[in-house]
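Me: Could you take a close look at one part of this model for me, the magnesium site and what sits around it? I'd like one connected walk-through.

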Amino acid sequence: MAIVTIERKVLQKNDELAEQNRELFKKSGTFVINLVSSPGSGKTSILEKTLESLKGKVKVAVIEGDVQTDLDAQRVAKFGVPVVQIVTNGGCHLEAKLVQDALSNIELNGVNLLVIENVGNLVCPAGYDLGEAMKVVIASTTEGDDKPLKYPAMFRNASVLIINKIDLLPYVNCDLAELKKNALQINNNLTVFETSCTTSYGIKEWSEWLLAKT
Ligand code: MG
Ligand code: ZN
């Protein structure tokens, strides 16, 4: 039972720091999203497409979270936006403290949108508030249609669901209607988008929706 207590204390401390981050974002007028998904569902690709789509319309900054390497930060930097890479060295989620440290390397004033790409993991990122306005969960068609039922906390805590790799539907074992039904059964308030980074399907709809939030 000691483990439960420690876990609770860690989360309590994290929530305090997340609130501090939220205050900073409020002061600078920055809308913040926390991108979460399992590894390989297309977080960075969606981010690249979003940056391309929002270019010149809004000032964006990015925090990249990865277990190792700055490969994703390199991809994002090509779009000319400020980007900070957090390497967790094995840590399987971002915490508010890590985001707070990364923020010391970003001038938030004038930044309308901050995208935090979390470590690829559908489990613990659900429990860690980073101070974001909303979690955006990405589920790709290649993962099948049962992810919302198997990882309910993530879908319950998210405000948006992006169903990615929609172009692969004919080739994979995923029933789109079933996937949506499962997600909405867990969280009826989810705003759902369908996208493909290969064909750019749905990117405009998602980007415009996001732009309207900033
Ligand atoms: Mg990535
Ligand atoms: Zn974790």
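Reply: Along the sequence, the residues that donate to the magnesium ion (ligand 1) are spaced T-x27-D-x44-E. They are Thr44 (OG1), Asp72 (OD) and Glu117 (OE), lying 2.0 to 2.1 Å from the ion; donors here are N, O and S atoms within 2.8 Å of the metal (3.2 Å for Na, K and Ca), and water is not among the atoms, so sites may look incomplete. Two of these donors link distant parts of the chain: Asp72 is in helix α3 (residues 71–77) and Glu117 in strand β4, 45 residues apart. Helices (H or I, at least four residues) and strands (E, at least two) are DSSP runs, numbered from the N terminus. Both Asp72 and Glu117 are buried, meaning under 20% relative accessible area, with exposed over 50% and partly exposed in between (1.4 Å probe, protein chains only).

Keep in mind that this is a predicted model: local features need pLDDT of at least 70, side-chain atom pairs count only at pLDDT 80 or more, and totals for chains, interfaces and linings use all residues. Residues are numbered from 1 along each chain as its sequence is written, chains are lettered from A and ligands numbered from 1 in the order in which they are written, and side-chain values use heavy atoms, with hydrogens and water left out.

Now for a neighbour of Asp72. Asp66, in strand β2 (residues 60–66), touches Asp72, Gln85 and Val119, among others; contact means heavy atoms within 4.5 Å. The Asp66 side chain also makes a polar contact with that of Gln85 (3.2 Å).

Terms used. A polar contact is a pair of N or O atoms within 3.5 Å; within protein, one must be able to donate a hydrogen and the other to accept it, and residues adjacent in sequence count only if both atoms are side-chain atoms. Lists of a residue's contacts leave out its neighbours within four places in sequence.
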